[in-house]
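Reader: I'd like to go through the internal space in this one. Can you take me through it?

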Amino acid sequence: PLSYSYLVDALSAGVTTVAEHYYFSAGVAAAIEEMGMRGFVGETIADLGGAFPSKETWPQVKKSLQGKSRNPKDKIQPVLAPHAMDTVTPELLTEMADFAKAENLPLHMHLSQSESEWKTVQKHHQMTPVQLAEKCGALSEKTLAVHLLHLGEKDLACLKDSGTHAGYCPSSQLLYERSARINDFYEWEIPVLVGTDCAASCDHADVLAEARTAAFIGIAHNAELRLRETQWFFDSICDRAYQFWFGQKPFTPGAPADVVFVERGLLAEPVNDPLNNLFFSATARRVRHVMIGGVFCLWDRQVVHLDMEDATTAYRQAVNKITRAVEAARK
């Protein structure tokens with residue numbers, strides 16, 4: 001139930017596929033499936049720190065995935081989710097990276113996401129988080145490295161050469177520390193996937209709004225990066241994201257097909273350039289219908305597969321239960 005709020009917000013904004021990396025992944029996956037959405041879901045692995053450090057999680061995840069056949073048509077797909085370079089030991093990350101390659105799984109991690117992570121890794125390993133991840137074999141074309149706030153030229157070269165995809169969540173990054181240097185990704189031709197991060201740090205799932213924010217930040221730091229680069233930012237939430245997660249280009253035979261219906265109207269006129277109009281004028285309120293895999297999951301702005309009254313009640317009950325547990329633990 002705790003996943004309902006953010007997932008409903010995502011679906012209402014035209015998001016059909018969620019990349020989830022944190023805890024209680026089984027419950028999140030169940031909620032995604034219940035709503036008819038797609039999800040690439042991984043349970044956070046951290047043996048050194050983080051919210052719930054454990055040496056037992058990885059063996060359990062490994063056992064559940066090793067040698068198992070996976071149907072690419074399933075809407076819920078597994079990913080490996082090592083937390084970060086200051087919460088996962090190099091030995092464990094190396095083992096996970098090898099496993100990801102052997103099982104052909106995406107690796108979704110947070111990397112160089114804070115100044116404290118950068119300082120910790122420098123202190124213990126005398127290298128940057130990106131360099132340590134590379135040493136562990138964790139960087140490849142099937143790696144999504146989220147945040148990347150602290151980078152030098154050697155780090156950027158490493159990301160480019162390995163084909164690693166950068167996960168850029170501008171609102172979340174600005175709220176917590178500072179924005180990653182989006183212009184560096186553009187200039188170094190590092191593929192970018194724009195995301196919203198999570199409800200705790202962003203509190204909305206409108207990926208068009210996030211992409212627009214990313215574009216504004218890029219333009220503010222580089223006057224030459226203007227509206228002519230709209231396609232680059234749009235690809236970051238569409239084509240590149242699609243190819244990373246599904247391993248193929250959209251609109252090809254056999255590719256998963258989702259359709260988002262965005263309504264026109266006075267507030268969106270004139271439409272001289274449809275892409276610029278969608279990118280800079282569209283908001284979640286213009287999303288009318290969403291079809292996922294040939295099935296309508298949002299119709300006339302109403303979620304189809306979820307009773308909103310029941311979902312709201314379940315969500316509030318879950319929040320109250322957690323609140324009471326926290327208050328009891330503090331006494």
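Author: A word on terms to begin: strands here are DSSP runs of E, at least two residues long, numbered from the N terminus. Note also that this is a predicted model.

Reader: Fine. How many cavities of 30 Å³ or more does the structure hold?

Author: One. The largest cavity has a volume of about 30 Å³.

Reader: What lines the largest cavity?

Author: Its lining is made of R38, G39, F40, P72, D74, K75 and F246.

Reader: Which strand gives the largest share of that lining?

Author: Strand β2, residues 38-45, with three residues.

Reader: And by class, what is in the lining of the largest cavity?

Author: Three residues are nonpolar, three are charged and one is polar.

Reader: Switching to pockets. How much space lies in the second largest one?

Author: About 460 Å³.

Reader: Which residues lie nearest the centre of that pocket?

Author: N71, P72, Q77, W245 and F246, out of 21 lining residues. Two of these names came up before: P72 and F246 also line the largest cavity.

Reader: Which elements supply at least two residues each to the lining of the second largest pocket?

Author: β2, β3 (76-78) and α12 (239-246).

Reader: Which one gives the most?

Author: α12, which contributes three residues to the lining of the second largest pocket.

Reader: Same class question for the second largest pocket: how many nonpolar, polar and charged residues?

Author: The lining of the second largest pocket has ten nonpolar residues, six polar and five charged.

Key
Residues are numbered from 1 along each chain as its sequence is written. This is a predicted model: local features need pLDDT of at least 70, side-chain atom pairs count only at pLDDT 80 or more; totals for chains, interfaces and linings use all residues. Side-chain values use heavy atoms; hydrogens and water are left out. On a 1 Å grid over the protein atoms alone, a cavity is a set of points where a 1.4 Å probe fits but cannot get out, and a pocket is an open set with protein on both sides within 12 Å along at least five of seven lines; lining residues have an atom within 4 Å of a point. Grid points are joined across faces, edges and corners, and a volume is the space filled by probe spheres set on the points. Helices (H or I, at least four residues) and strands (E, at least two) are DSSP runs, numbered from the N terminus. Ala, Val, Leu, Ile, Met, Phe, Trp, Tyr, Cys and Pro count as nonpolar, Asp, Glu, Lys and Arg as charged, and the others, Gly among them, as polar.
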